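Reader: I'm in my first year and still learning how to read structures. Could you pick one part of this one and walk me through it slowly?

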Amino acid sequence: MTISEEDARRARTYGHADLTGLMALMTGDEKHGPAATSTLDVLWVLYDRVLRVSPGRMRDPGRDRFLLSKGHGPMAYYAVLAAKGFVPVDWLPGFGSYGSPLGHHPDRTLVPGAEIGSGSLGHGLPIAVGAALGLRAQGLDDPRVWVLIGDAELDEGSNHEAIAFAGPAGLDRLHTVVIDNSSASHARPGGIAARFEAAGWSAVTVDGRDHEALYAAFTAPHPGRPHVVVAQVEPKSA
Amino acid sequence: MDTMRDRFAPVMSRLLDEDPRVAVVLAEIGLDAFAEVRRRHPDRVVNVGIREQLLVGAGAGLALTGLRPVLHTFASFLVERPFEQVKLDLGHQGLGAVLVSAAASFDWPAGGYTHMAPGDVALLDTLDGWTVHVPGHPDEAETLLRHAVAAGDDKVYVRLSVQSNAVGRPVDGERLLTLREGRSGVVVAVGPLLDTVLDATTGLDVTVLYATTVRPLDAAALRRATETAAADVVLAEPYLAGTSTAAVSDALSDLPHRVLGLGVGRRELRRYGRVEEHVAAHGLDARSLRERIGGFLTAAH
């Protein structure tokens, strides 16, 4: 069986409805609170319908890059990677154990399909800027770069170095998804999109549980400008 | 004489022309010298503005796509300010880059402590897998820059300084050079301190080794030197005193030995002025070095 056939078999096997079951293999609990699933729908729509990447293309220079910057609570990420055949499902029960490649923060050198390791907040977006520059410098015009961050992660100043640079630099292959679960202690309504827009980004704010709205936001044209999708989900404290 | 930093942009311009993998990332500092080559390679000479976390993070992103990033600014803003990016975006991500610093420990004393980085090499010593080059002459800087860029996907630090020896030596990016041989001890002179060390040890019966690549330290050459000279080792380093004491002790761990680490003091001087005044204040002038080296070696016998 070739890799692509294996991919196809796995892709047929798992759908969105299976994700909570896959997460349960890690958490031992069929029910997950909003915090654990805040990224779940965004990740599913991206991997299912938007990102041009698959287990057979993990080293393809022309693949899209997805960088999970908000590495905390990565069960939803691992579940999607397992559903899409990047990570064997039988790795999931070992989550967080000494012998497992799947930690409470991902390590790119251990997790197939993980483009970066994360955990310390505010690192993914600057790296994504560099990846976008690197692809451009090599004439790889097709691949897009995606980075997922959290609303409270935007507290970190390093993000603002990247946001302020990417807009004027016209990095239109760069895409950021901000999972907004109102977890920042100091924030004002609309502040996230406004911050990106002020730096010249295209910005859309949508319901982070609505797959069609997410898909439309992810695929909206934004010529000459980087694009941010603010995906609003239930407040963390709710 | 031109400075090491004067060589940086010309060398990098040639490397940018020769090797499509090479990319230079700047944070305003040093940008003017790259104006011409930037027109030829606009996508591989990037200025991120005064954003040093982005400087290192974006460098890591370039490496992630297969390029060989060369990042440059003053040492304090390249290693100290974005240290977590150096630790995580390069080290933890398993990515390589060449970090080329300027301003060193006190190249611009009138600029004060904010522009001094005597602790840069010691900080990198807390991380795994860094090669550290400390050239002592512009010609050596040119050689070591080429070695650094050519070193696959290694993590390499090149520490440029306005302090310089009168002539360059045939450095190879790896080994210690033996400049004098004696029997009563070994003095390891690092980078731009060599001329002063040679002056300070005139007439002393010591071996003088010249180090321009301090990590990894050439342990084999150091051990060989201690076989003919005594295992009394003096380090003269142009950054924080004692930075390489542990590396020397590791190299000689199965031998009785003594080590004296000379270099820049930890205490903040809160002085401006000129480089020579700071050299003297840290006891790194020839007279002070001779006293301290002589005292240490005499005490052994």
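Author: Happy to help; we will follow one helix of chain A, meet its partner in chain B, and then visit a second spot in chain A. Keep in mind that this is a predicted model.

Let's begin with helix α6 of chain A, which covers residues 124-137. This helix has 14 residues, and from its first C-alpha to its last it reaches 20 Å, close to the 20 Å expected at 1.5 Å a residue. Is α6(A) mostly covered or mostly exposed? Mostly covered: 14 of its 14 residues are buried. Just past the helix you will find A:Gly139, which takes a positive phi of about 70°.

Now look across to the other chain. The contact between the two takes 22 residues from chain A and 24 residues from chain B. On the side of chain A that touches chain B, α6 and α7 (157-166) each supply at least two residues. The helix that gives the most there is α6(A), with 11 residues. Sorted by class, that side of chain A has 11 nonpolar, 8 polar and 3 charged residues.

One helix that α6(A) packs against is α3 of chain B, residues 52-64. Two packed helices are described by the angle between their axes and the distance between the axes. Here the angle is about 50° and the axes are 6 Å apart. That angle makes α6(A) oblique to α3(B), since it falls neither under 35 degrees, which would be roughly parallel, nor within 65 to 115, which would be roughly perpendicular. The crossing of these two helices is right-handed.

Which residues meet there? From α6(A) come A:Pro126, A:Ile127, A:Ala128, A:Val129, A:Gly130, A:Ala131, A:Leu133 and A:Gly134. Facing them in α3(B) are B:Gln53, B:Leu54, B:Gly57, B:Ala58, B:Gly59, B:Ala60, B:Gly61, B:Leu62 and B:Leu64. By class, this contact of α6(A) with α3(B) has 11 nonpolar, 6 polar and no charged residues.

The partner helix deserves a look of its own. The end C-alpha atoms of α3(B) are 18 Å apart, which agrees with the 18 Å that its 13 residues should span at 1.5 Å a residue. Like its partner, α3(B) is mostly covered, with 13 of its 13 residues buried. After α3(B) comes B:Gly66, whose phi is positive, near 100°.

Let's step back along chain A to the loop between α5 (75-83) and α6, where A:Leu102 is found. A:Leu102 counts as buried because it has 24 C-beta neighbours inside 10 Å, and 20 or more are needed for that label. Setting aside residues up to four places away in sequence, A:Leu102 touches A:Tyr78, A:Trp91, A:Gly94, A:Phe95 and A:Val111. A:Leu102 also lies 9.1 Å from A:Met75, C-alpha to C-alpha, although 27 residues separate them in sequence.

A:Met75 and A:Tyr78 turn up again in α5(A), in its contact with α2(A). Helix α2 (residues 19-27) of chain A packs against α5(A) at an angle of about 120°, with axes 9 Å apart. These helices are therefore oblique to each other, and their crossing is right-handed. On the α2(A) side, the residues are A:Leu19, A:Leu22, A:Met23, A:Met26 and A:Thr27. By class, the contact of α2(A) with α5(A) has 11 nonpolar, 1 polar and no charged residues.

Terms used. Residues are numbered from 1 along each chain as its sequence is written. Chains are lettered from A and ligands numbered from 1 in the order in which they are written. This is a predicted model: local features need pLDDT of at least 70, side-chain atom pairs count only at pLDDT 80 or more; totals for chains, interfaces and linings use all residues. Helices (H or I, at least four residues) and strands (E, at least two) are DSSP runs, numbered from the N terminus. The expected span of a helix is 1.5 Å times one less than its number of residues. A residue is buried if 20 or more other C-beta atoms lie within 10 Å of its own, exposed if 12 or fewer, and partly exposed in between; C-beta atoms are placed from the backbone. Two residues are in contact if their C-beta atoms, placed from the backbone, lie within 7 Å. Ala, Val, Leu, Ile, Met, Phe, Trp, Tyr, Cys and Pro count as nonpolar, Asp, Glu, Lys and Arg as charged, and the others, Gly among them, as polar. Axes are lines fitted to C-alpha atoms, for helices over the stretch in contact, and angles run from 0 to 180 degrees between N-to-C directions. Angles under 35 degrees count as roughly parallel, over 145 as roughly antiparallel, 65 to 115 as roughly perpendicular and the rest as oblique. A crossing is left-handed if the near helix is turned anticlockwise from the far one by less than a right angle, and right-handed if clockwise.
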